[in-house]
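Biologist: Thanks for joining me! Could we go through this model together, one question at a time?

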Amino acid sequence: EINVGHSALHLMRRCEDDAKKTALPTTLVMSSAVPSNNVEVVAAEVLGIQIFKRSEWLSRITDSQNLVAVAGTHGKTTTSAM
């Protein structure tokens, strides 16, 4: 589902087993470009939803993985395609 704009209602999602029911997420992952006073972030705080910065979340989901990072000005796409 794609939402346009910012609204606390975007936190609601339809349940897979019953489209008439809605549920709240357990976690919100936010970009560093999103201000802390964003209405969706504020609503998540009020509702007690865990909030993570993108960098924190990436660390959590890759903690048990072996990673290779590709950085720099040129060649990232080519290297990734290889």
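What follows is a conversation about this predicted model, from the whole chain to single residues.

Biologist: Let's begin with the fold. Which pattern does the protein chain follow, read along the sequence?

Modeller: Happy to. The secondary structure of the protein chain comes to 3 helices and 4 strands. Read along the sequence, these elements follow the pattern β-β-β-α-β-α-α.

Biologist: And what radius of gyration does the protein chain have, set beside a compact globule of 82 residues?

Modeller: The C-alpha atoms fill a box of roughly 45 × 30 × 30 Å along the principal axes. Of the 82 residues, 13% count as buried. A compact globule of 82 residues would have a radius of gyration near 12 Å, but the value for this chain is 17 Å.

Biologist: Good to know. Now to helix α1: where do its buried residues fall, seen down the axis?

Modeller: Helix α1 covers residues 39–46, and its buried residues are E40, V41, A43 and A44. Seen down the axis of α1, these fall within an arc of 160°, so what they line is one face of the helix.

Biologist: Which strands do the buried residues of α1 pack against?

Modeller: One pair of residues gives a feel for this packing. I51 is found in strand β4, and I51 touches V41, A44 and E45, among others. The C-alpha atoms of I51 and V41 are separated by 7.8 Å, although these residues are 10 apart along the chain. Taken together, the buried residues of α1 pack against β3 (27–30) and β4 (50–53).

Biologist: Is I51 itself buried or partly exposed?

Modeller: A residue counts as buried under 20% relative accessible area and as exposed over 50%. I51 has a relative accessible area of 27%, so the label is partly exposed.

Biologist: What caps the N-terminal end of α1?

Modeller: Look at the loop between β3 and α1, where N38 lies. N38 is buried, with a relative accessible area of 9%. A side-chain oxygen there lies 2.7 Å from the backbone nitrogen of E40, and the residue capping this end of α1 is N38.

Biologist: Lovely. And just after α1, which residue takes a positive phi?

Modeller: The phi angle there is about 75°. The residue, found just after α1, is G48.

Biologist: Turning to the nonpolar core, which element gives the most to the largest one?

Modeller: In soluble globular proteins, nonpolar side chains tend to be buried together. Here the largest nonpolar core has 7 residues: L11, L28, M30, V41, A43, A44 and I49. The elements that give two or more residues to this core are β3 and α1. The one that gives the most, with 3 residues, is α1.

Biologist: I49 belongs to that core. Leaving aside neighbours within four places in sequence, which residues is I49 in contact with?

Modeller: Contact here is heavy atoms within 4.5 Å. Leaving aside those neighbours, the partners of I49 are L11, L24, P25, T26, T27, L28 and A44.

Biologist: One last item, the aromatic rings. Is the pair formed by F52 and W57 stacked, edge-to-face or tilted?

Modeller: The structure holds 1 aromatic pair. Planes under 30 degrees apart count as stacked and over 60 as edge-to-face. The rings of F52 and W57 have their centres 5.3 Å apart and their planes at 50°, so the pair is tilted.

Biologist: How do they compare in burial: which of the two is buried, F52 or W57?

Modeller: The cut-off for buried is under 20% relative accessible area. W57 has 27% and is therefore partly exposed. With a relative accessible area of 10%, the buried residue is F52.

How values were computed. Residues are numbered from 1 along each chain as its sequence is written. This is a predicted model: local features need pLDDT of at least 70, side-chain atom pairs count only at pLDDT 80 or more; totals for chains, interfaces and linings use all residues. Side-chain values use heavy atoms; hydrogens and water are left out. Buried means under 20% relative accessible area, exposed over 50%, partly exposed in between (1.4 Å probe, protein chains only). The arc is that of the directions from the helix axis to the C-beta atoms. A polar contact is a pair of N or O atoms within 3.5 Å; within protein, one must be able to donate a hydrogen and the other to accept it, and residues adjacent in sequence count only if both atoms are side-chain atoms. Rings of Phe, Tyr and Trp (its six-membered ring) pair if their centres lie within 6.5 Å; planes under 30 degrees apart count as stacked, over 60 as edge-to-face and the rest as tilted. A nonpolar core is a set of buried Ala, Val, Leu, Ile, Met, Phe, Trp, Tyr and Cys residues joined through side-chain atoms within 4.5 Å. The radius of gyration is taken over C-alpha atoms; the globule rule is 2.2 Å times the number of residues to the power 0.38.
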